[in-house]
Amino acid sequence: MNKKLFLPLIIFLGLVIAFVVQLQRNAQGDDPKALESALVGKPMPLRQMTDLFENKPLGSEIFQQGKPILVNVWATWCPTCYAEHQYLNELAKQNVTIIGINYKDQSDKAIKWLKNLNNPYQIVINDEKGALGLDLGVYGAPETFVLDGNGVIHYRYAGDVNEKVWTQTLKPLYDKLAGEN
Amino acid sequence: MIAELGNYALALSLAVSVFLAILPLWGAERGNVQFMALARPMTYGLFLSLSVAFGALFYAFAVNDFSVQYVVNNSNSNLPLQYRLSAVWGAHEGSLLLWIWMLTLWGAAVASFSKRLPQEAVARVLGIMGLISIGFLLFVLFTSNPFTRTFPDFPVDGRELNPLLQDVGLIFHPPLLYMGYVGFSVAFAFSIASLMTGKLDTAWARWSRPWTMAAWIFLTLGIVLGSWWAYYELGWGGWWFWDPVENASLMPWLAGTALLHSLAVTEKRGAFKAWTVLLAILAFSLCLLGTFLVRSGILVSVHAFASDPTRGLYILAYLVVVIGGSLTLYAFKGNRIRSRDNSERYSRESMLLLNNILLMTALSVVLLGTLLPLVHKQLGLGTISIGAPFFDQMFLIICTPFALLLGIGPLVKWRRDQFSAIRTPVVVSVILMALLGFGLPLLLQHKLTVSAVLGVMMAVIIVLLSLYELHQRATHRCGFWTGLTKLSRSHWGMIAAHLGVAMTIWGVAFSQNYSVERDVRMKVGDSVQIEDYRFEFKGVTEANGPNYAGGKAQVDIFVGDKQEAALFAEKRFYTVSKMTMTEAAIDWGFTRDLYVALGESLGDGSWALRLYYKPFVRWIWFGGLFMALGGLLCMSDRRYRFSKIVKEKTNE
Amino acid sequence: MQKIMIFLTALLLSCSVFAAIDALNFQSARQEEDYHTLTQELRCPQCQNNNIADSNAQIAVDMRAKVFELLQEGKTKRDVVDYMVERYGHFVTYNPPLTPATLLLWILPCAFVVSGAWFVMRRKKIRPTGKTAQQSAVKNPENLDDSERRRLQSILNGKE
């Protein structure tokens with residue numbers, strides 16, 4: 001029997017394995033379009049930042065708080081951000097520090113929104129033009145970054161943060177980073 | 001009621017296909033003549049029942065039956081009739097039904113045009129095609145049934161067909177493509193039948209050749225139409241994006257081209273039999289793979305049908321059965337295939353083998369480029385994108401030697417030859433190629449780029465050597481003009497197809513390197529100069545349609561003082577789907593296209609306009625048409641109609 | 001799961017096939033060409049396989065504006081691509097990076113051609129011309145295999 005003749009079959013079966021793995025992942029909610037962040041392991045990008053409420057400049061030390069923090073990119077035009085907002089309020093009550101970046105939005109609308117829906121954010125950065133978002137590799141709202149005590153980015157989650165996402169994906173990392181400090 | 005009839009017809013088709021798969025094949029194995037004789041009538045029956053199903057779906061769309069979910073999702077009462085009907089294949093379920101219907105159409109065609117084939121062969125081939133149908137029918141009936149009702153609720157009207165698909169090109173593009181994909185199942189069936197019996201004489205190559213050619217012609221036309229459609233409809237002047245779904249159509253085409261040439265060798269010389277069988281399996285497997293990639297959601301593509309992973313798993317299971325099964329059969333029975341190959345290192349056989357190697361290399365490039373991002377991400381190495389820069393570069397590298405071989409190949413004799421026989425003409429052609437390669441772009445466009453020079457050289461060498469070969473063949477025994485009339489149709493077919501390749505290469509070289517795109521802000525009366533053409537903006541007027549509201553811009557184009565064209569570019573807002581579409585205006589010509597697309601109003605009376613100058617872009621598709629014409633000429637060659645000659649002789 | 005679908009749908013609807021035409025003022029024809037090349041090479045992170053030239057998504061619009069800005073600052077094409085890759089990863093360019101993993105993209109096709117050409121060169125030995133060539137084309141009793149030998153035997157037996 002000629003062994004060479006089995007080669008096409010073997011290659012085909014290899015492909016099938018790759019496909020099965022991917023289909024299983026997709027069936028479990030994996031999104032083929034989700035992008036991992038290019039900034040993992042890097043500090044928050046240095047940029048001129050202004051506070052949303054008081055219009056005063058903010059320095060990069062706001063990200064270095066000696067404990068893990070979340071950075072949440074949100075906007076009033078984003079329906080999913082509205083959906084995740086309640087959960088963010090709960091997380092804030094649990095003493096999770098969240099810094100907000102108001103992405104490509106109008107400040108007055110944003111301020112009004114936070115007044116009406118409660119403000120879970122310790123600080124809110126005004127990113128009207130989206131320049132900070134671009135530096136962060138943001139491609140849609142909402143997105144949430146997990147930073148360690150030194151302001152280094154460890155993970156970026158694209159999508160709304162809810163109970164399931166927090167307990168399964170973000171909290172384990174958050175706790176690990178808290179332990180390290 | 002009609003929808004239920006359609007559903008019943010589908011179930012009936014499944015039953016018939018099961019019998020078609022089992023009985024004739026069993027009959028062929030056991031030599032049972034009655035069972036084998038069932039193959040043809042059952043194939044016709046399958047075709048008829050599936051036609052009823054297909055007809056029922058057409059009817060539902062034509063009368064706006066919104067109790068059928070599929071009609072609701074894809075049609076709307078404001079849609080003009082022709083788009084209501086073509087919406088049948090606008091989404092997953094209907095296009096699958098089209099696929100299966102065409103499968104039975106090809107089956108019926110094989111059944112009726114195979115009178116000269118031995119009964120056993122016919123029984124096996126039709127039985128295998130029945131086997132293929134079973135999987136698809138199961139898939140449609142259990143996961144993607146187009147006849148699902150919306151009861152108990154009954155929408156008043158449907159969603160609209162995506163405005164992008166409301167176009168004449170999109171009426172014909174899927175049917176042509178599917179005719180090609182499905183057509184390769186015939187060559188596949190012939191190969192599997194041969195593997196089953198272990199008898200692979202050159203007769204099966206002769207039988208499968210016209211069927212493979214027909215499928216290849218349809219696929220070529222389908223790809224050309226899709227590319228041309230994208231160019232004029234999408235408004236960005238592009239004609240190929242290396243999108244996974246486009247690649248899924250290119251791969252079977254490359255395999256099919258290799259298969260055609262390999263079949264030629266097998267038929268004429270009895271050589272390469274194992275390769276031909278493998279290529280036939282490969283070509284159809286790639287068609288099925290394409291179906292999987294498009295409908296499973298596994299790759300990110302603009303073309304992908306809305307999908308879910310369970311459907312994907314089902315199709316994958318089907319692929320494992322069909323492709324895995326056929327490759328296993330090949331692995332076990334492949335060494336029983338005996339080829340008679342006594343050709344030498346320098347011979348036409350070697351040339352064709354090299355040709356096939358290059359085609360397979362191109363195929364591997366496309367396959368790798370399409371699937372590597374998936375595997376890369378799975379291995380945790382991160383997300384990468386592979387697109388035009390990679391593919392263009394690799395194809396340029398592969399096409400260069402390919403063009404030279406394409407020109408030389410027909411000049412080499414079968415079995416054994418010496419290069420010295422053609423050394424002089426080849427050397428002369430190469431010198432001319434170099435001169436024209438630099439000269440023509442310089443003359444026509446006044447500047448040189450690497451890929452333009454290479455492209456022109458490729459086109460020139462093909463043309464020169466093809467014409468030389470034509471001359472040699474024509475003057476073989478008599479004068480040139482007499483000789484021309486004596487050439488067979490398949491020879492003319494080869495010339496046409498090869499010249500088509502040269503045309504396409506020329507078109508690609510020029511339009512990729514020398515196109516000019518300007519996005520400009522223009523007020524009424526402003527003009528912009530691109531190359532020799534002056535584009536003058538004359539203003540925007542209102543232009544509404546049956547299901548859209550829009551505006552029309554007029555741009556006049558002048559060369560010097562003479563008016564070349566008046567173009568009307570539109571922008572439409574479709575009221576139901578709330579999508580904005582641009583209808584670009586193109587002044588097409590043999591040597592260049594001038595293209596205008598209308599953008600937004602910028603306030604203060606000025607508008608954003610996109611203006612393009614694209615030299616020789618039409619040649620890309622004309623080349624494709626020539627290739628298809630070449631195929632048609634080959635297919636209609638006298639030797640495939642020798643039954644007519646036999647009949648004439650017996651009547652004498 | 002529902003929420004993810006809503007999010008994804010929102011993203012999807014924000015992409016349309018025909019991009020808005022930006023009428024920009026370039027400093028030179030060369031810069032305009034570079035702009036078009038770059039916007040066709042960079043991928044929209046939010047869309048189903050579109051480059052940023054063809055997408056209307058907000059992020060694509062922002063990226064195009066950034067590309068224009070960087071070109072105006074005098075950056076080269078390479079600089080612009082690196083800038084985007086730094087922020088969005090290699091996904092954002094249609095030109096795959098050269099890493100040990102992606103090396104396969106070039107090595108495999110190369111191996112194909114090389115092994116194919118070697119196969120052709122190796123298989124076809126130049127046979128001597130003349131009678132011996134004729135003889136080797138014909139099957140001799142020595143180079144039959146078992147099944148053929150049996151067939152031959154049965155034919156010969158039949159003739160007796």
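**Exercise 1: a strand pair**

Find out in which sense strands E7 and E8 of chain B pair, and over how many bridges.

*Solution.* Keep in mind that you're working with a predicted model.
- Step 1: locate the strands. E7 of chain B covers residues 585–588, and E8 of chain B covers residues 592–601.
- Step 2: look at how they pair. The sense is antiparallel, and there are four bridges.
- Step 3: pick one bridge. Start at B:Asp587 and you'll land on its partner in E8(B), B:Leu594.
- Step 4: check what joins the strands. Three residues sit between E7(B) and E8(B), and the two strands form a hairpin.

**Exercise 2: two helices crossing**

Work out whether H1(B) is roughly parallel or roughly antiparallel to H7(B).

*Solution.* Two packed helices are described by the angle between their axes and the distance between the axes.
- Step 1: get those values. The axes of H1 (residues 2–30) and H7 (residues 119–143), both in chain B, come within 7 Å and cross at roughly 150°.
- Step 2: compare with the cut-off. Angles over 145 degrees count as roughly antiparallel, so H1(B) is roughly antiparallel to H7(B).
- Step 3: add the handedness. H1(B) and H7(B) make a left-handed crossing.
- Step 4: sort the residues where H1(B) meets H7(B). You get 17 nonpolar, six polar and two charged ones.

**Exercise 3: where B meets C**

Say which element gives the largest share of the side of chain B that touches chain C.

*Solution.*
- Step 1: get to know chain C. Chain C has seven helices and zero strands, and 29% of its 160 residues count as buried.
- Step 2: count the contact. On chain B, 50 residues are in contact with 40 residues of chain C.
- Step 3: list the suppliers. Among the elements of chain B that each give at least two residues to this side are H13 (348–378), H14 (388–408) and E8.
- Step 4: pick the winner. H13(B) brings the largest share, with 12 residues.
- Step 5: split this side of chain B by class. Here you find 26 nonpolar, 16 polar and eight charged residues.

**Exercise 4: one serine**

Decide whether B:Ser339 is buried, exposed or partly exposed.

*Solution.*
- Step 1: place the residue. B:Ser339 lies in the loop between H12 (309–333) and H13 of chain B.
- Step 2: count neighbours. B:Ser339 has 16 other C-beta atoms within 10 Å.
- Step 3: use the cut-offs. Buried needs 20 or more and exposed needs 12 or fewer, so B:Ser339 is partly exposed.
- Step 4: see what B:Ser339 touches. Leaving out residues up to four places away in sequence, its contacts include B:Gly270, B:Phe272 and B:Lys273.

Methods: Residues numbered from 1 in each chain as written. Chains lettered and ligands numbered in written order. Predicted model: local features only at pLDDT ≥ 70, side-chain atom pairs only at ≥ 80, totals over all residues. Axes fitted to C-alpha atoms, helices over the stretch in contact; angles between N-to-C directions. Parallel < 35°, antiparallel > 145°, perpendicular 65-115°, else oblique. Left-handed = near helix turned anticlockwise from the far one by under 90°. Nonpolar A, V, L, I, M, F, W, Y, C, P; charged D, E, K, R; others polar. Pairing = 2+ DSSP bridges. Contact = placed C-beta atoms within 7 Å.
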